[in-house]
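Me: I am new to this structure and would like a close look at a single part of it. Please take one strand, describe its surroundings, and then place it in the wider chain.

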Amino acid sequence: MNDTREPRGRAAPAEAGALRLGTRRSRLAMAQSGQVAEAVTRVTGRPVELVEITTYGDTSREQLAQIGGTGVFVTALRDALLKGEVDFAVHSLKDLPTAQPDDLVVAAVPVREDPRDVIVARDALKFTDLPSGARIGTGSPRRMAQLNSYARSHGLDIATVPIRGNVDTRIGYVRGGELDAVVLAAAGLNRIGRGDEVTDFLSVDTVLPAPGQGALAIECAADNADLVAALAELDDPLTRVAVTAERSLLAALEAGCSAPVGALADLLADGQIVKEMRLRGVVGTTDGTRMVQLSTTGPVPETHDGAMALGRELAAEMLAQGAAGLMGERAH
């Protein structure tokens, strides 16, 4: 997904001294962008104004898997960056295509929020306590694949139901009795102050999150050296190396953001010292009948290239075990 468009002239800033942060309009996007804005003001001493941008993924009512998933929440924000309409943008890292345009740079990946998926269920039920035939809503083929696989191997009877919409809409399906439960990202609920509505946290041994889930990407023009340097103050090296390995695995599988791929790089510590990193990956059919799940553990990569190599190596092992055939149409 390399961007071949000609560079365009930059528009004048809306307010002298203020930095313009491009964000999606959703409540979650506004919340996480607001948190980043406060952090950027702390490190730069400059005010930050939020510029709301509507993306194709926000307006389309189709399932994400049908519209491709890759980049549908990102392209409009990147266009605004390239036109100079905003100075930097905040993305949920799991929505970001793995191919990085040459004229844009991810200047910072802040400390990651909780990467796990969670259940919000009726009657405060846990996942394993849901009744036989329970209807569980999710828009993610990855979640469907792993939930159905777990249910199949543990004798549970569930039905996964494809849904779209913001947090209120999704939880509303449970409150209104249309669904028994919905699956959401812990990070999103925490960022909008609704973590107390979670009825169960899904162990990563049950459902591996999306590559990069819980992490944010702060992106700006590659030629804006001063801003790149300022934003880099917010970068967390351990989060970056972990998500780099996860996204490298996704890229090597030639899979898009909406493919049924889960990945998580755990940092394994001895006391306060991080010693090793364990990268886990999973690919499966959405009905849960076929899964390829592998892991590898080794020293924490010290470079970007080392993290990329770790992801590629695990992806190669997964492909050798038939992962390609489980993803449907692969993204190129």
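Reply: Two bridges join strand β6, residues 134–137, to strand β8, and the two strands run parallel. This is a predicted model, and β8 is the part described here. Within this pairing, I136 of β6 has A181 of β8 as its bridge partner.

β8 also pairs with strand β5, which covers residues 117–121. Here five bridges join the strands, and they run antiparallel. In this pairing V118 stands opposite L184 of β8. β8 thus takes part in a parallel pairing with β6 and an antiparallel pairing with β5.

Next comes the question of cover. How many of the five residues of β8 are buried? The strand spans residues 181–185, and five of the five are buried, so β8 is largely enclosed by the rest of the structure. Buried means under 20% relative accessible area. In a regular strand, side chains alternate between the two faces of the sheet. In β8, one side carries A181, V183 and A185, while V182 and L184 are on the other. Both faces are covered, since these residues are all buried. The two residues named above in the pairings, A181 and L184, are therefore on opposite sides of the strand, and both are buried.

The loop between β5 and β6 offers another setting. D123 is in this loop, and A124 is found there too. D123 has a positive phi of about 55 degrees although it is not a glycine. A124, also not a glycine, has a positive phi of about 55 degrees. Are these loop residues buried or exposed? D123 is exposed, with a relative accessible area of 60%. A124 counts as exposed as well, at 56% relative accessibility. The cut-off for exposed is over 50%, so D123 at 60% and A124 at 56% both pass it.

Now for the chain around β8. It has ten helices and 13 strands. Of its 332 residues, 52% count as buried. Among contacts in the chain with a separation of 6 or more, 72% are accounted for by residues 24 or more positions apart. The accessible surface comes to about 14600 Å², and carbon and sulfur atoms hold 49% of that.

Spaces inside the model can be located as well. The structure holds one cavity of 30 Å³ or more. The largest cavity has a volume of about 80 Å³. It is lined by 13 residues, with R24, A29, Q32, H91 and S92 nearest its centre. The elements giving two or more residues to this lining are α1 (27–44) and β3 (88–92). α1 supplies the largest share, four residues. By class, the lining of the largest cavity has five nonpolar, six polar and two charged residues.

The second largest pocket holds about 330 Å³ of space. Its lining has 15 residues, and those nearest its centre are T98, Q100, T244, R247 and H304. β4 (104–108), α9 (237–252) and α10 (304–320) each supply at least two lining residues. The largest share of this pocket lining, six residues, comes from α9. By class, the lining divides into eight nonpolar, five polar and two charged residues.

How values were computed
Residues are numbered from 1 along each chain as its sequence is written. This is a predicted model: local features need pLDDT of at least 70, side-chain atom pairs count only at pLDDT 80 or more; totals for chains, interfaces and linings use all residues. Side-chain values use heavy atoms; hydrogens and water are left out. On a 1 Å grid over the protein atoms alone, a cavity is a set of points where a 1.4 Å probe fits but cannot get out, and a pocket is an open set with protein on both sides within 12 Å along at least five of seven lines; lining residues have an atom within 4 Å of a point. Grid points are joined across faces, edges and corners, and a volume is the space filled by probe spheres set on the points. Ala, Val, Leu, Ile, Met, Phe, Trp, Tyr, Cys and Pro count as nonpolar, Asp, Glu, Lys and Arg as charged, and the others, Gly among them, as polar. Buried means under 20% relative accessible area, exposed over 50%, partly exposed in between (1.4 Å probe, protein chains only). Two strands pair if DSSP finds at least two bridges between them. Contact means heavy atoms within 4.5 Å. Accessible areas come from the Shrake-Rupley method with a 1.4 Å probe; for residues, only the protein chains shown count as cover.
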